[in-house]
Amino acid sequence: MTIISASVDGAHVIAVRGEIDHHTGGALSDALSLPEGTVALRMVVSGVTFMDHSGSNILIAARNAADGAGGWLRLAGPSESVLARCGSSASMGSSACIPPFVTP
């Protein structure tokens, strides 16, 4: 998995490529930590080729952290793998990975 991060227009933006699973989840969790004073988080996931349940849990935790800080998390360009996993996460909470979580 490759992660690139930047600050763009006051948002913490990360781009992820490769597989998100229990082996790579720690690095993703670290990258999703909001920098001081930042409440907006955008995650470009068009390059994610696989995501298991641990990836879903990481995204939910990041969304909850952003919500708690008065901000938001948005997924940009979700791949089919991300959409398939997030769409099946309804049992983890209502709209865990669906709008407004995902942006067009």
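So, is D9 buried or exposed? Let's start there. D9 is exposed, with a relative accessible area of 81%. Keep in mind that we're looking at a predicted model.

Okay, where does D9 sit? You'll find D9 in the loop between β1, residues 2-8, and β2, residues 11-20. Those two strands form a hairpin with two residues between them, and D9 takes a positive phi there, near 50 degrees. D9 isn't a glycine, either. For background, most residues other than glycine have a negative phi.

Now step back to the whole chain. We've got three helices and five strands, and if you read along the sequence the pattern goes β-β-α-β-α-β-α-β. There are 104 residues in the protein chain, and buried ones make up 42% of them. The accessible surface comes to about 5,300 Å², with 55% of that belonging to carbon and sulfur atoms. And here's one on contacts: take those between residues at least 6 apart in sequence, and 69% of them join residues at least 24 apart.

Back to the hairpin. β1 and β2 run antiparallel to each other, paired over seven bridges. Want some landmarks to click on? I4 has A15 as its bridge partner in β2, and A6 has V13 as its partner in β2.

β2 also pairs with β3, which is residues 40-51, and that pairing is parallel, over nine bridges. The landmark for this one is R17, whose bridge partner in β3 is G47. What do β2, helix α1 and β3 make? Together they make a right-handed β-α-β unit, with α1 covering residues 25-31.

Last stop is H12, which is in strand β2. Buried or exposed, this one? H12 is buried, at a relative accessible area of 10%; the cut-off for buried is under 20%, so H12 falls into that class. A polar atom of the H12 side chain lies 2.9 Å from the backbone oxygen of A31. And which residues is H12 in contact with, leaving aside its neighbours within four places in sequence? The list is S5, A6, A31, S33, P35, T38, A40, L41 and R42. You've already met A6, the partner of V13.

So to wrap up, two residues to take away: D9, exposed at 81%, in the loop between β1 and β2, and H12, buried at 10%, in strand β2. That's it from me, thanks!

How values were computed. Residues are numbered from 1 along each chain as its sequence is written. This is a predicted model: local features need pLDDT of at least 70, side-chain atom pairs count only at pLDDT 80 or more; totals for chains, interfaces and linings use all residues. Side-chain values use heavy atoms; hydrogens and water are left out. Helices (H or I, at least four residues) and strands (E, at least two) are DSSP runs, numbered from the N terminus. Buried means under 20% relative accessible area, exposed over 50%, partly exposed in between (1.4 Å probe, protein chains only). Contact means heavy atoms within 4.5 Å. Accessible areas come from the Shrake-Rupley method with a 1.4 Å probe; for residues, only the protein chains shown count as cover. Two strands pair if DSSP finds at least two bridges between them. A polar contact is a pair of N or O atoms within 3.5 Å; within protein, one must be able to donate a hydrogen and the other to accept it, and residues adjacent in sequence count only if both atoms are side-chain atoms. A crossover is right-handed if, with the strands pointing away from the viewer, the path from the first strand over the helix to the second runs clockwise.
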